[in-house]
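Please work through the exercises that accompany the structure shown here. Each exercise gives a task, and a stepwise solution follows it.

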Amino acid sequence: MKNPSIGFALATAISLAAMSAAFAAPPTKTGTTTKGAVLTDAKGMTLYTFDKDTDGKSACNGPCATNWPVLKAEASDKAGEGYTIITRDDGSKQWAYKGKPLYTFAKDQKPGDITGDGFLNGAWHLAQP
């Protein structure tokens with residue numbers, strides 16, 4: 001190459017592109033409800049957190065997980081930007097945001113529904129960005 005700075009710039013651009021490709025897109029989207037912005041799943045359904053969960057550990061199993069389906073993580077998913085992947089008691093993987101496992105609520109019917117907010121004496125909360 002006649003100009004080494006062009007080669008360096010090209011190599012830097014390729015490196016940056018490769019690095020950004022290594023970071024997966026967040027597993028959630030942001031939606032709007034009557035209580036403001038919330039995290040949603042890919043279908044736009046509201047996500048929730050549970051007070052009984054401890055950092056990186058879900059306390060919602062069995063019938064609880066039937067009513068509060070988990071935001072599942074796939075084996076190929078990668079954590080990043082505030083999102084982590086936890087292992088549930090049954091060995092499956094679940095997304096967590098800022099250490100709090102994420103769930104949808106079975107009684108929410110459409111995007112924007114927030115019927116689970118405050119459920120179980122206030123133990124369930126809207127997951128907010």
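The exercises below concern a predicted model.

**Exercise 1. Overall architecture**

Task: Establish how many helices and strands the protein chain has, and in which pattern they follow along the sequence.

Solution:
- Step 1. The secondary structure of the protein chain comprises 3 helices and 7 strands.
- Step 2. Along the sequence, these elements appear in the pattern α-β-β-β-α-β-β-β-α-β.
- Step 3. The protein chain has 129 residues, of which 35% count as buried.
- Step 4. The accessible surface of the protein chain is about 7900 Å², and carbon and sulfur atoms contribute 59% of that area.
- Step 5. Among contacts in the protein chain with a separation of 6 or more, 59% are between residues 24 or more positions apart.

**Exercise 2. The hairpin**

Task: Describe how strands S1 and S2 are joined, and identify the bridge partner of Lys29.

Solution:
- Step 1. Strand S1 covers residues 29–33 and strand S2 covers residues 36–40.
- Step 2. The two strands run antiparallel and are joined by 5 bridges.
- Step 3. With 2 residues between them, S1 and S2 form a hairpin.
- Step 4. The bridge partner of Lys29 is Thr40, in S2.

**Exercise 3. The three-stranded sheet**

Task: Determine the strand order of the open sheet of 3 strands and name its edge strands.

Solution:
- Step 1. The order of the open sheet is S4-S5-S6, and the pairing is antiparallel.
- Step 2. S4 (83–87) and S6 each pair on one side only, and they are the edge strands.
- Step 3. S4 pairs with S5 (residues 93–97) over 5 bridges in the antiparallel sense.
- Step 4. Within this arrangement, Ile85 stands opposite Trp95 in S5.
- Step 5. As a general point for reading such a sheet, side chains in a regular strand alternate between the two faces.

**Exercise 4. The disulfide**

Task: Identify which cysteines form the disulfide and state its handedness.

Solution:
- Step 1. The structure contains 1 disulfide.
- Step 2. The disulfide joins Cys60 to Cys64, with an S to S distance of 2.0 Å.
- Step 3. The torsion about the S-S bond of Cys60 and Cys64 is about -105°, so the disulfide is left-handed.
- Step 4. Cys60 has 0% relative accessibility and therefore counts as buried, the cut-off being under 20%.

**Exercise 5. Salt bridges across the chain**

Task: Locate the salt bridges of Asp117 and Lys57, and classify these two residues by exposure.

Solution:
- Step 1. The count of salt bridges comes to 3.
- Step 2. Asp117 forms a salt bridge with Lys35, and the closest N and O atoms are 2.6 Å apart.
- Step 3. This pair links distant parts of the chain: Asp117 is in the loop between S6 and H3, Lys35 is in the loop between S1 and S2, and they are 82 residues apart.
- Step 4. The side chains of Lys57 and Asp89 also meet in a salt bridge, at 2.3 Å from N to O.
- Step 5. That pair likewise links distant parts of the chain, with Lys57 in the loop between S3 (48–50) and H2 (63–67), Asp89 in the loop between S4 and S5, and 32 residues separating them.
- Step 6. Asp117, at 23% relative accessibility, counts as partly exposed, and Lys57 is partly exposed at 36%. Asp89 counts as exposed because its relative accessibility is 53%.

**Exercise 6. The surroundings of Asp113**

Task: Is Asp113 buried or exposed, and which residues does its side chain engage?

Solution:
- Step 1. Asp113 is located in the loop between S6 (100–101) and H3 (119–122).
- Step 2. Its relative accessibility is 14%, so Asp113 counts as buried.
- Step 3. The side chain of Asp113 meets that of Lys110 in a salt bridge, at 2.9 Å from N to O.
- Step 4. The Asp113 side chain also reaches the backbone nitrogen of Gln109 at 2.7 Å.
- Step 5. Leaving aside residues up to four places away in sequence, Asp113 touches Thr46, Tyr48 and Asp108.

**Exercise 7. Positive phi values**

Task: For Glu81 and Asn121, state the value of phi and where each residue is found.

Solution:
- Step 1. Most residues other than glycine have a negative phi.
- Step 2. Glu81 has a positive phi, near 50°, and is found in the loop between H2 and S4.
- Step 3. Glu81 is exposed, with a relative accessible area of 65%.
- Step 4. Asn121 has a positive phi, near 55°, and lies in helix H3.
- Step 5. Asn121 is exposed, with a relative accessible area of 85%.

Conventions: Residues are numbered from 1 along each chain as its sequence is written. This is a predicted model: local features need pLDDT of at least 70, side-chain atom pairs count only at pLDDT 80 or more; totals for chains, interfaces and linings use all residues. Side-chain values use heavy atoms; hydrogens and water are left out. Two strands pair if DSSP finds at least two bridges between them. Helices (H or I, at least four residues) and strands (E, at least two) are DSSP runs, numbered from the N terminus. Buried means under 20% relative accessible area, exposed over 50%, partly exposed in between (1.4 Å probe, protein chains only). A polar contact is a pair of N or O atoms within 3.5 Å; within protein, one must be able to donate a hydrogen and the other to accept it, and residues adjacent in sequence count only if both atoms are side-chain atoms. Contact means heavy atoms within 4.5 Å. Accessible areas come from the Shrake-Rupley method with a 1.4 Å probe; for residues, only the protein chains shown count as cover. A disulfide is a pair of cysteine sulfur atoms within 2.5 Å. A salt bridge is a side-chain nitrogen of Lys or Arg within 4 Å of a carboxyl oxygen of Asp or Glu.
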